[in-house]
Amino acid sequence: MKQYTYRTSNANRKAGHVLILLIVVLVCLQSSFGSEKKKKGQETPAAPAPIDASKLVWPPAPDIARIRYLTTLTGEEDFSPVVQKKKATWMDKMAGVSLPAQQSKPHMVKPYGIAADSKGQIYIADPGSAVIFVFNLEEKKVFYRGKQQVSSPVGMAIDDADRLFVSDSAQHVVLCFRPDGSLEAPIGGEKLIKPLGIALDLENRYLYVVDAAQNKVLVFDCDTYHLLREFGGRSDASLAPGTFDRPTNVAVNSEGDVYVVDTFNNRIQVFNADGQFVRLFGKQGNVAGTFMRPKGIAIDGDNHVYVVDSEFNNVQLFDAEGRVLMFFGGAGEGPGVFTLASGIAVDQQNRVIVGEQWKGKVQVFRYVSDAEARPLYEKRAAERAAAAEEEKKAQEAETLKLNGEVKRD
């Protein structure tokens, strides 16, 4: 069979190259023209106004603020931001030039347990990165505890000697660390299945450990580490007081009363230091004073009880008897709102520290104590009394004026 070979002349090849070049130029011109028309016809929407964090207070004005937003923590970048490196241009890529890779700094992944030591340093247990972040806000430094020692750190508490107690749900144990970060002792390993929230009663030297798997609270001596007692048990349909369904966290007030978050029963149960049931508050609902998924709990120096609800993404404040006082937060991604709010702590500086697991960050607020707020309330009451007195005088003057006019008539 005769074979045919196809040959292209130099002239034809040149014509083809010119045609391709013309097409590329026309496409670029059309794209440029279209983008120019878009710029002229459509204005770029204005960026949202930045939030003035100094005005984030609860309750809002004209009420007297009791909670103020301070800052947000995520990791080392909070104090030493990553320097943005030069991006490779198309010329760099054509020339085969490679630039150094962007180096990210450690940041929190799934923060949960929170505590603070006597120096004001904030400790945050992060089971997502299997480490404990320690923030020194005064010196603007971040360091770590428990590296290669903790697997899934969840609950935390710090005693008056700055010993750090950490529950590890993966290792089924509570670990006690000395102030220098060295391990002092494991606690309750043979007694615990899934330890979560923990709390200290420094007056009675008790360590309370919530075990979600056993639906119990175990009480250890925080110096000898011996198990003293336990209370609780699995709830049935009657929801009997003193029983739990997946309890998660615990806190102790200045009177030694123990507040346990009974998460799946949507309530808070209160026990005395001997483990005897005292009272409970809360139920499932969607109004203030009710819960949908209570998680973290903390108590301030005035014995106000703070409860984080992961479904509402807010923090509700109650008095010691369980009467709701106020709430702050809500669903969102900016300052003062939360995404999957979880752990909480109130430290000796009246800072309220709330963790967000979805965004891997912690927000810090400032509680205005009763002692600090009292002069403000007294001033407000005096102003109202003075205004009422002025109004009374004005009414009396108006009455006298009317009576005088009547007499003249």
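In this predicted model, strands β20 (residues 305–309) and β21 (residues 314–318) run antiparallel to each other and are joined by five bridges. Within this pairing, V305 sits opposite F318 of β21. As a brief reminder, the strands of a sheet pair through backbone hydrogen bonds, in either a parallel or an antiparallel arrangement.

The β20–β21 pair belongs to an open sheet of four strands, ordered β19-β20-β21-β22 and paired in the antiparallel sense. At the edges are β19 (294–299) and β22 (324–329), each of which pairs on one side only. From one strand to the next, the twist averages 20 degrees.

Turning to the pockets, the largest has a volume of about 1100 Å³. Its lining comprises 46 residues, with I158, L200, V252, I299 and V346 lying nearest the centre. Two or more lining residues come from each of β3 (114–116), β7 (153–158), β11 (195–201), β15 (247–252), β19 and β23 (341–346). Strand β19 thus appears both as an edge of the four-stranded sheet and as a contributor to the lining of the largest pocket. Sorted by class, this lining holds 22 nonpolar, 15 polar and nine charged residues.

The second largest pocket encloses about 380 Å³ of space. Here the lining is made up of 18 residues, and those nearest the centre are Y112, K194, L196, T248 and K295. Eight residues of this lining are nonpolar, five are polar and five are charged.

Conventions
Residues are numbered from 1 along each chain as its sequence is written. This is a predicted model: local features need pLDDT of at least 70, side-chain atom pairs count only at pLDDT 80 or more; totals for chains, interfaces and linings use all residues. Side-chain values use heavy atoms; hydrogens and water are left out. Two strands pair if DSSP finds at least two bridges between them. Axes are lines fitted to C-alpha atoms, for helices over the stretch in contact, and angles run from 0 to 180 degrees between N-to-C directions. On a 1 Å grid over the protein atoms alone, a cavity is a set of points where a 1.4 Å probe fits but cannot get out, and a pocket is an open set with protein on both sides within 12 Å along at least five of seven lines; lining residues have an atom within 4 Å of a point. Grid points are joined across faces, edges and corners, and a volume is the space filled by probe spheres set on the points. Ala, Val, Leu, Ile, Met, Phe, Trp, Tyr, Cys and Pro count as nonpolar, Asp, Glu, Lys and Arg as charged, and the others, Gly among them, as polar.
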